Amino acid sequence: MSDSGTEIQIAKGALRRFIQNAERKKRVQQASLLQTVKKATPEFRNRFKTVHHLGLVGSFAKKGFYSLRSDLDILVGGLKKDDYFKAFLFWERRLPVAIDLIREEEAGEHLKFLSRHEVILFEKD
């Protein structure tokens with residue numbers, strides 16, 4: 001193999017390792033976020049008693065779309081408008097990524113798209 005062929009193989013190997021490492025970091029971060037959210041969910045439910053639904057949507061919930069720079073889209077049903085900022089701060093203080101808190105009641109048609117790939121955290125009957 002020529003020197004340029006060897007260099008190409010070395011570069012391909014380095015790129016493959018870089019991609020594998022990035023994928024591993026992404027999976028670890030995603031698992032950590034999910035664990036944090038699941039751990040905080042009982043406290044959230046206790047604090048915001050009108051909430052009847054909580055789920056993760058967007059890139060987090062769609063296989064292959066999440067990246068290390070993704071925000072976390074949280075879909076919440078039954079949250080009073082007056083409690084929105086309290087709920088937003090609840091999650092913002094616990095999560096190391098940007099969040100987008102979406103009230104189910106205000107999501108409209110966009111909700112149908114979002115909920116197709118939802119990770120449901122809890123739902124009251």
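**Exercise 1.** In which helix does leucine 15 lie? Locate this residue in the predicted model, then identify the surface feature to which Leu15 contributes.

*Solution.* Begin with the secondary structure: helix 1 spans residues 3-47, and leucine 15 lies in it. Next, consider the surface. Leu15 forms a nonpolar patch there with Phe18 and Ile19. Together, these residues have about 330 Å² of accessible area.

**Exercise 2.** State the order of the secondary structure elements along the protein chain, starting at the N terminus.

*Solution.* Count the elements: the protein chain has 4 helices and 4 strands. Then read them from the N terminus, which gives α-β-β-α-β-α-α-β.

**Exercise 3.** Determine how strand 2 and strand 3 pair, and describe the unit that they make with helix 2.

*Solution.* Strand 2 covers residues 72-77, and strand 3 covers residues 99-103. The two strands pair in the parallel sense, over 5 bridges. As an example of the register, leucine 75 has isoleucine 102 of strand 3 as its bridge partner. Now add helix 2, residues 84-94: strand 2, this helix and strand 3 make a β-α-β unit, which is right-handed.

**Exercise 4.** Is strand 3 mostly covered or uncovered? Set the result beside the values for the protein chain.

*Solution.* Buried residues are those under 20% relative accessible area. In strand 3, 4 of the 5 residues are buried, and the strand is mostly covered. For the protein chain, 38% of the 125 residues count as buried. The chain exposes about 8,400 Å², of which carbon and sulfur atoms supply 53%. Finally, turn to contacts with a separation of 6 or more: residues 24 or more positions apart account for 73% of them.

How values were computed
Residues are numbered from 1 along each chain as its sequence is written. This is a predicted model: local features need pLDDT of at least 70, side-chain atom pairs count only at pLDDT 80 or more; totals for chains, interfaces and linings use all residues. Side-chain values use heavy atoms; hydrogens and water are left out. Patches are made of residues with over 30% relative accessible area and no salt bridge: like charges are joined within 9 Å, nonpolar side chains (Val, Leu, Ile, Met, Phe, Trp, Tyr) within 5 Å. Accessible areas come from the Shrake-Rupley method with a 1.4 Å probe; for residues, only the protein chains shown count as cover. A salt bridge is a side-chain nitrogen of Lys or Arg within 4 Å of a carboxyl oxygen of Asp or Glu. Buried means under 20% relative accessible area, exposed over 50%, partly exposed in between (1.4 Å probe, protein chains only). Two strands pair if DSSP finds at least two bridges between them. A crossover is right-handed if, with the strands pointing away from the viewer, the path from the first strand over the helix to the second runs clockwise. Contact means heavy atoms within 4.5 Å.
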